[in-house]
Amino acid sequence: MSDTRPPAVPPTDDAPTKAKQLTFGQHLFIWSMVVIVGVLFGMGSSVSLLQHGPRSIQGVSENDVLQRQDVARRLQNALNPRRMYRDLQFEHGSQEWYALDILRARYADALGLMPEGSDLDRITADWLATPMPGQVGRTYRDVLAEHQGGREEVPYTALRKYLAERTAIEALVARNVVVPAIAPAVADDLLVLGERAVIDEVVLTATHLLQPVKDDDSEIQAAYDKLRSARFTAPATATVTIAWPDLAAMGKDEAVSATQAQVWYEANKERFRKPAAPQAGALAAPEYRPFAEVADEAAAAVRKERIEPKARQALQHFAERLDQVANPDAAAFAKEAAAAGLALAAGVEVPEARGGQLALGPFGSVKDQIGLFSSSVEPGFISSPLALPGNDKTVGIVLRVEGRRAAGFKPLDQVKPEVQTWIAGQRAWKALLEQAEAVRAEAEKAGPGGLAAWTSSPAAAPWKTSLGTHPTSPIAELQPPPADPAGTPGEGRTVASLALPGRPVMVAAAEGSAEVPKVRLVQVREIKAGEPVAEAQRPQFAQQYRQTLLGFRGQLFDEELRRKVGK
């Protein structure tokens, strides 16, 4: 079965090991320790644990949810860290989703749908052989093998369990979430989708309603505590000193004649090719920027080509000198850098980044070849030369780790202006709703076109807004704003419900989020009839309708599943 496993993953016995039952003496020891800990540190938390047990999410233990979430995160970071490929999405937003997935898998297992043995071997091997999008000749196996022993390693047994559960869920959904085929003629009944409502829209932003929040305001600390987990997180950070050959400094005395620059220009003329004019034909002769226009640029390129080999040599010479120094400290590092003619950048903050790239501030980014945030890299660690291809400042760097800071939260002093802005927005919310309602009543009283008329009146001046007119679907739903910023919006209404003869105006929640609160005023201008569905589009409409029904049926099945498992 070793041929189904990624490289560097040793063969393991995948058969589950039956847990041994604890003896009475072992049970007694565990309970005794719980009581002792409770006496030492307070019985409250211990008694709460004994009474209530571990936390669960939708009937699934939090530990099971976190384990599944961790596997999904590792697969996401390894196979699709930038979420470029729609079919390679492993992570999901909420823990409730992972809990529901576990419920689905358990129910599927109870129905005998969970693959195992040779079936699971084949599924795993086929999945590992899947080609990586955009990477010719590479498969999932190759990519996962590169992460063996690293922070994003996916253990083979965890991968098999993940694939088994995923396959079982797919079988469960295929068995239960079914809708009949939809005839193309159903598109004739969906002609309402072709209708368009033309609406007038005005966004009211509470900028002029904001009041300053003083530095000693009593609500600042509470607001910071509320916001910090969502907005003020700080990743783990390493502080490094960077030694680097400064190309500009090394090349300042490098003379380049006009003749030498022009020779380089002629050899690299395509770099200065002008974009073709829109009216030019495919056979039009190319045009280039003249040498006189790019002479300085060409001379700088010649100078860089001469200096780069010297810079690489200086960097390598520096690394070799450091090898001869026993445990070089920060002072020795700086001394050897100066002796090698390198520049020094101290106190560079490097945040822990996902995707294998280290952000080095003014030096751009470089692949994390050293595992900067691994347990083996401690303060005092010095890297080998790291190449920076395409960098205008240097050809490479050597870095020394001065310290590391664990992930946490940005301090209040650092983010206080953001907190004050947020508090000001919260306090302006009520006044915004009151004034928006007054504007709504005034515009609605004017009848059709009333919102447009108000926008052009002097009363609109403090809002510094403008009228927007655009088409939308009559069945699009507009949500009213909540009574308070953190509240729940009231019942929505469709755009079509505003298409009454009197053309009512609605105060609706503004799209997106902003520090300064805002709402929308919406009024229907007209309803335009839809075009008949073309014959070629009827199957497409029918398929879209079927997908909608599948989604609805899936929601019903999930609700039914929760009831069956005792949620």
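Biologist: Let me start with a small piece of the fold. In which strand is the place of A387?

Modeller: A387 sits in strand β9, which covers residues 386-387. Do keep in mind as we go that this is a predicted model. To read such a residue, look past its sequence neighbours and see what else it meets. Setting aside residues up to four places away in sequence, A387 touches V366, V395 and G396. One of these, V366, is 21 residues from A387 in sequence, with 8.0 Å between their C-alpha atoms.

Biologist: How many helices and strands are there in the protein?

Modeller: The protein has 15 helices and 16 strands.

Biologist: And what share of the residues count as buried?

Modeller: Of the 567 residues, 35% count as buried. You can also ask how far along the chain the contacts reach. Taking contacts between residues at least 6 apart in sequence, 71% join residues at least 24 apart.

Biologist: Could you show me a pair that is far apart in sequence? Which strand holds T205, and what does T205 touch?

Modeller: T205 is part of strand β3, residues 196-205. Beyond residues up to four places away in sequence, T205 touches W463, V516, P517 and K518. T205 and A436 are 231 residues apart in sequence, yet 9.7 Å apart in space, C-alpha to C-alpha.

Biologist: Is T205 buried, exposed or partly exposed?

Modeller: T205 counts as partly exposed because its relative accessibility is 24%, and the buried class is kept for values under 20%. Compare that with A510, in the loop between β15 (505-509) and β16 (518-528). A510 has 19% relative accessibility, so A510 counts as buried.

Biologist: What is A510 in contact with?

Modeller: Leaving out neighbours within four places in sequence, A510 is in contact with K518, V519 and R520. A510 also pairs up with L204 over a long stretch of chain: they are 306 residues apart in sequence and 8.8 Å apart in space, C-alpha to C-alpha.

Biologist: Now for the nonpolar cores. Which residues touch the most other members of the largest nonpolar core?

Modeller: When you read a core, start with its members that have the most partners. The largest nonpolar core has 34 residues, and V65, L75, L79, F90, W127, L144 and L159 touch the most other members. The elements giving two or more residues to this core are α3, α4 (95-110), α5 (117-128), α6, α7 (156-176) and α15 (538-564). Apart from this core lies another, of 21 residues, among them A238, W244, A345 and L399.

Biologist: Let me pick V65. What is V65 in contact with, leaving aside neighbours within four places in sequence?

Modeller: V65 is in contact with I57, V60, Q95, Y98, A99 and I102.

Biologist: Next, pockets. What is the volume of the largest pocket, and which residues lie nearest its centre?

Modeller: For a pocket, read the volume, then the lining. The largest pocket has a volume of about 1200 Å³. Its lining has 37 residues, and N77, H147, E152, G355 and G356 lie nearest the centre. The elements that give two or more residues to the lining are α3 (62-79), α6 (140-146) and β7 (357-359). The largest share, four residues, comes from α3. By class, the lining has 12 nonpolar, 14 polar and 11 charged residues.

Biologist: What about polar contacts? With which side chain does the side chain of E305 make one?

Modeller: The side chain of E305 makes a polar contact with the side chain of W264, at 3.0 Å. E305 belongs to helix α11, residues 291-323. The relative accessible area of E305 is 46%, so this residue is partly exposed.

Biologist: Last topic, backbone angles. Where does N327 lie?

Modeller: N327 lies in the loop between α11 and α12 (330-339). Its phi is near 45°, a positive value in a residue other than glycine. N327 counts as exposed because its relative accessibility is 75%.

Biologist: And which loop holds K464?

Modeller: K464 is found in the loop between α14 (450-455) and β12 (467-472). K464 has a positive phi of about 45° although it is not a glycine. With a relative accessible area of 79%, K464 is exposed.

Definitions and conventions: Residues are numbered from 1 along each chain as its sequence is written. This is a predicted model: local features need pLDDT of at least 70, side-chain atom pairs count only at pLDDT 80 or more; totals for chains, interfaces and linings use all residues. Side-chain values use heavy atoms; hydrogens and water are left out. On a 1 Å grid over the protein atoms alone, a cavity is a set of points where a 1.4 Å probe fits but cannot get out, and a pocket is an open set with protein on both sides within 12 Å along at least five of seven lines; lining residues have an atom within 4 Å of a point. Grid points are joined across faces, edges and corners, and a volume is the space filled by probe spheres set on the points. Ala, Val, Leu, Ile, Met, Phe, Trp, Tyr, Cys and Pro count as nonpolar, Asp, Glu, Lys and Arg as charged, and the others, Gly among them, as polar. Buried means under 20% relative accessible area, exposed over 50%, partly exposed in between (1.4 Å probe, protein chains only). A polar contact is a pair of N or O atoms within 3.5 Å; within protein, one must be able to donate a hydrogen and the other to accept it, and residues adjacent in sequence count only if both atoms are side-chain atoms. A nonpolar core is a set of buried Ala, Val, Leu, Ile, Met, Phe, Trp, Tyr and Cys residues joined through side-chain atoms within 4.5 Å. Contact means heavy atoms within 4.5 Å.
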